[in-house]
Each structure stands twice: as structure tokens, then as C-alpha cells.
Amino acid sequence: MIEAKNLTKSFGKLKALDNVSLSCNKGETISIIGPNGSGKTTFIKCVLGMVIPDGGTLHFDNREIKNGWHYREKIGYMPQIGRYPDNMTIAQIFEMILDLRQKSWDDADSELVHSLGLKSIFDKRMRTLSGGTRQKVSASLAFLFNPDVFILDEPTAGLDPLSSEVLKEKIRTEKENGKLILITSHVLSELDDLVTAVIYLQEGSLLFHKNIAQLRSDTGEEKLSRAIAVVMKNSKTQHA
Ligand code: ADP
Ligand code: MG
């Protein structure tokens, strides 16, 4: 569904992505992990067409995304940092996005709007919201149009535990609907028990891409966090 081949992106001298090749398919829930600055957001933004790679190719549904934009309708994106017009109310943001997509509330999946408690604060202006509440707006927008693919950039960072749990349940439902879900995180998170595969980026390079069964059998560890720790330790000793 999403296929990257030899993807490269530099910012000046810094290689944010260095020859990354990987593919992600329908039905998978993939955790993209790696330290801060390892290229996770850059990778996602390349898929979304928000960052133009210097080299390599990207395909979405077997079509090269270069110069295309229709494929973006199939992606629900939750940015790491959502930026919204300060003076608009939450309601106005939703109305604007519905309007842009020429949809009405009746066509939309508004479950998160309700379950994250946004309805009761619909008339608050964006500039008055806390970081966590902005995250709730971003999350609810990502799920609004029932897309095939969800790309969630550090979705639980800043969310309170209860809201994290609400979002997690929503992700679980969409996973069961057979959607492709990409979730980035700089830490192992509470979402990890939903994950079917792990992509690990380090300094712009793909360190590994393994499905959970493989990861477990390679390492003999049941818990994802422990399995990843073992892979990291082994890769360090190999490179030493
Ligand atoms: P991650 O999401 O894994 O924390 P990013 O993809 O945001 O990492 O960033 C990877 C590297 O590229 C970092 O060193 C970051 O500072 C740099 N970078 C990202 N975007 C830009 C940009 N627009 N201009 C310059 N450097 C950037
Ligand atoms: Mg990031």
C-alpha cells in the first residue's frame, strides 16, 4: 500500500532520511520508533507530500505519489504539532475542514469528537486551548473521513491517560476494520499491544523492520519493549 524505495532527504548537511526502503500493507498497525531526530516525522511528511525527498521513490496503492495529490484523501493524518488559526473556535475548525472536503457532519465519523469531550467546548477558541486539547482536535480530525490509512505522529504525547485510552480504542476498532495504521513514537508507548510490526529508524537509517512474531521469535522475548531492547543490544555488538 505504501512503498518507499531508497528514500533520501537531507536538510543541509544533515541526512534526515538515508536510503530508506520499506513497505507497509493494509491490515498492518506499524509502530515507527526511534530516538528524537531519527527521521520519523520526515518520513511521514514525505508520504504525505509535505516534504519532497531528494532521492528514491514513494508509491501509494502502486502509484508513484510524485506530483499526485488525490491519494491524500485516503489518509487521515494526525500531526505531531497541530497548527490552527488562533481565533477560530473548535466548531469553526471542524466546519472549515468539512467544507473543504465537501462533507457534512452526517457523512463524518464524529465518534472521537464526542468521546474526547470536544462537543462541550466547541465554542472555545483555539488560542485558549491546552496542548492536550489541541491534540484531541488533531486526533478527531484525523478520523473524520473514514480513510484507508491513518498516520498518527506521536498521537499520545500530551494526551491525558483517559484520552489516550479512548484514542487507543478507536485505533483498535480501525485496525479490526482492516485499515493500515502508522504510529510514530520516540518512546515505547501504551499503544504497543496493538502493533503488528515495528520499523526502527536511527539517524535517518532503517535499522530494522520486523513483524511482531518475527521479533518475538528472534529475541525470545514476549514483551515488545524487551524484544526491541534485545535487537538494539545485538545490533550494537555487531557494529562494535
Ligand atoms: P523525529 O520525528 O524522528 O524526531 P524528524 O524527522 O522531525 O525526527 O527530524 C529528523 C532530523 O531532520 C532532525 O535532526 C531535524 O532537526 C531535522 N529536520 C527536520 N525537518 C527539518 C527542516 N524543515 N529543516 C531543517 N532540519 C530539519
Ligand atoms: Mg517527530
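Colleague: Which element gives the largest share of the shell around ligand 1?

Modeller: Helix 1, with three residues. Bear in mind that this model is predicted. Strand 2 (14–24) also counts, since strand 2 and helix 1 each supply at least two residues of that shell.

Colleague: What makes T42 a polar contact of ligand 1?

Modeller: The cut-off is a pair of N or O atoms within 3.5 Å. An oxygen atom of ligand 1 is 2.6 Å from an N or O atom in the T42 side chain. That value is within the cut-off, so the pair is a polar contact.

Colleague: What about G37 and G39?

Modeller: Here the partners are polar backbone atoms. An oxygen atom of ligand 1 is 2.7 Å from one in G37, and an oxygen atom of ligand 1 is 3.0 Å from one in G39. Both pass the 3.5 Å limit, so both are polar contacts. The protein covers 58% of the 560 Å² of accessible area that ligand 1 has on its own.

Colleague: How do the residues of the shell divide?

Modeller: Four are nonpolar, six polar and one charged. Lys counts as charged, so K40, part of the shell, belongs to the charged class.

Colleague: Why is the largest nonpolar core called a core?

Modeller: Because its 29 residues are buried and joined through side-chain atoms within 4.5 Å. I2 and I151 have the most contacts inside this core. Helix 1 (residues 40–48) gives the most to it, with five residues.

Colleague: Which residues does I151 contact, leaving aside neighbours within four places in sequence?

Modeller: Among them are I44, V47, L48 and L182. A second, separate core has 17 residues, including L98 and V113.

Technical notes:
Residues numbered from 1 in each chain as written. Chains lettered and ligands numbered in written order. Predicted model: local features only at pLDDT ≥ 70, side-chain atom pairs only at ≥ 80, totals over all residues. Heavy atoms only, no water. Buried < 20%, exposed > 50% of the residue type's maximum accessible area, 1.4 Å probe, protein only. Helix = DSSP H or I, 4+ residues; strand = E, 2+ residues; numbered from the N terminus. Contact = heavy atoms within 4.5 Å. Near = heavy atom within 4 Å. Polar contact = N/O pair within 3.5 Å; in protein donor to acceptor, adjacent residues only side chain to side chain. Areas by Shrake-Rupley, 256 points an atom, 1.4 Å probe, with all protein chains shown as cover.
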